[in-house]
Amino acid sequence: MTQNTTREIASQPEVWRRALDLEVAGLPAPGERVAVVGCGTSWFMAQSYAVLRERAGHGLTDAFTATEFPAGRDYDRIVTISRSGTTTEIIDLLAATTTPSLLITAVGGGPAAAHADAEIVLDFADEESVVQTRFATTALLVLRASIEGDLGAVVADAEAALTAPVKDSWVAADQITFLGTGWTIGLAHEAALKLRESSQSWTESYPAMEYRHGPVAIAQPGRVVWVFGEVPSGLADDVAATGAELVTSDLDPMAHLVLLHRLAVARAEARGLDPDRPRSLSRSVIL
Ligand code: F1P
């Protein structure tokens with residue numbers, strides 16, 4: 001059970017290290033107005049990159065899922081992320097646009113690449129699993145490194161995340177809400193998706209301060225609130241008042257996502273599910 005997913009999760013520090021050694025050419029230059037587009041996991045990585053890039057002062061950066069790309073809005077570049085390079089909505093968008101485009105993928109020369117002006121192929125991060133873990137994090141790491149420079153400390157944190165305890169209370173929780181701020185909101189959405197895909201868990205995800213505007217209503221003992229990155233002031237008290245368990249981490253938020261990957265496998269196994277065979281999912285959605 002779970003051989004591919006478990007192996008791919010565990011390989012993240014090594015694969016990330018390899019990614020950081022790459023000379024990546026072709027990413028948008030500072031000042032370009034950029035749309036970043038993906039579907040599913042790739043959309044959430046796009047969201048994180050968009051916030052990082054714009055907040056670093058590199059220029060306007062918006063993230064969309066492919067079908068919601070706003071027709072008529074002007075960008076200097078469209079960056080698409082697709083592990084498979086075969087997702088129909090991504091192919092359609094690339095085929096329709098006249099804006100210069102880049103595809104970040106694990107599989108070079110595929111049907112999406114045929115419509116893109118350039119591609120960055122992270123083939124060493126490709127996966128056998130349906131459920132994405134290391135391709136998504138590696139793509140985001142490459143994008144993040146183009147903004148932040150040296151991310152060696154993030155790799156070290158990912159190593160720590162592979163041996164950190166996965167608590168029984170997280171495995172047993174009947175509901176988990178994920179929160180983030182800024183670029184970690186994309187990680188929160190990805191974490192929630194990961195648990196749904198791998199372990200059919202009930203999860204929700206929000207920008208952290210949205211938690212007070214309704215989502216807190218379902219918090220109670222036996223449920224978990226998991227925060228990626230900074231915990232906004234007052235939030236810990238709000239969660240404590242409900243009896244729910246608050247999970248935070250000193251690790252880099254991307255390393256915290258690696259710990260979440262391990263929780264996804266543990267929850268699947270506890271429910272007798274095989275995360276290598278997620279229900280109703282396929283590696284790529286081809287309409
Ligand atoms: C995107 C995606 C995955 C999801 C699912 C199907 O694929 O939606 O995020 O986990 O299993 O595919 P891609 O465009 O990145 O190949």
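Here are some short exercises on this structure, each with a worked solution.

This is a predicted model, in which local features need pLDDT of at least 70, side-chain atom pairs count only at pLDDT 80 or more, and totals for chains, interfaces and linings use all residues. Residues are numbered from 1 along each chain as its sequence is written.

**Exercise 1. Describe the overall build of the protein chain.**

Step 1: start with the secondary structure. The protein chain has ten helices and nine strands; helices (H or I, at least four residues) and strands (E, at least two) are DSSP runs, numbered from the N terminus.

Step 2: turn to the overall size. The radius of gyration is 18 Å, close to the 19 Å from the globule rule for 287 residues, so the protein chain is as compact as a globular protein of that length. This radius is taken over C-alpha atoms, and the globule rule is 2.2 Å times the number of residues to the power 0.38. Along the principal axes, the C-alpha atoms fill a box of roughly 50 × 40 × 35 Å.

Step 3: look at burial. Of the 287 residues, 50% are buried. A residue is buried if 20 or more other C-beta atoms lie within 10 Å of its own, exposed if 12 or fewer, and partly exposed in between, with C-beta atoms placed from the backbone.

Step 4: look at contacts. Among contacts with a separation of 6 or more, 68% join residues 24 or more positions apart. Two residues are in contact if their C-beta atoms, placed from the backbone, lie within 7 Å.

**Exercise 2. Find the domains and describe the side of domain 1 that touches domain 2.**

Step 1: set the bounds. Domain 1 covers 3-148 and domain 2 covers 152-270; such bounds come from an automatic or database domain assignment.

Step 2: place the domains. Their centres, taken over C-alpha atoms, are 24 Å apart.

Step 3: count the residues that meet. On the domain 1 side, 23 residues are in contact with 21 residues of domain 2.

Step 4: name the elements. Those giving two or more residues to the domain 1 side are α1 (3-10), α2 (12-21), α3 (41-55) and α5 (134-148). The largest share, eight residues, comes from α3.

Step 5: sort by class. This side of domain 1 holds twelve nonpolar, nine polar and two charged residues. Ala, Val, Leu, Ile, Met, Phe, Trp, Tyr, Cys and Pro count as nonpolar, Asp, Glu, Lys and Arg as charged, and the others, Gly among them, as polar.

Step 6: compare with the record. An unreviewed UniProt entry lists residues 24-157 as "domain: SIS"; its positions are given in the numbering used here, feature names are shortened, and annotations may be inferred rather than shown by experiment. In the model, the span 24-157 is 34% helix and 18% strand, and its end C-alpha atoms lie 23 Å apart.

**Exercise 3. Which residues come nearest to the ligand, and which classes make up its shell?**

Step 1: list the nearest. G40, T41, S82, S84 and T87 come nearest among the 16 residues around the ligand. A residue is near a molecule if its C-beta atom, placed from the backbone, lies within 6 Å of it.

Step 2: sort the shell. It has six nonpolar, eight polar and two charged residues.

Step 3: follow T87 to another residue. V285 is in contact with C39, T87 and T88, leaving aside neighbours within four places in sequence. V285 lies in the segment after α10 (253-270) and is partly exposed, because it has 14 C-beta neighbours inside 10 Å.

**Exercise 4. Is V34 buried or exposed?**

Step 1: locate V34. It sits in strand β1 (residues 34-38).

Step 2: count its neighbours. V34 has 25 other C-beta atoms within 10 Å, so V34 is buried.

Step 3: list contacts. Beyond four places in sequence, V34 touches several residues, including P28, R53, Y75 and V79.

**Exercise 5. Examine the positive phi values of Q200 and S280.**

Step 1: recall the background. Most residues other than glycine have a negative phi.

Step 2: take Q200. Its phi is near 50 degrees, and Q200 is found in the loop between α8 (184-199) and β7 (203-207). With 14 other C-beta atoms within 10 Å, Q200 is partly exposed.

Step 3: take S280. Its phi is about 65 degrees, and S280 belongs to the segment after α10. S280 has 6 C-beta neighbours inside 10 Å, so S280 counts as exposed.
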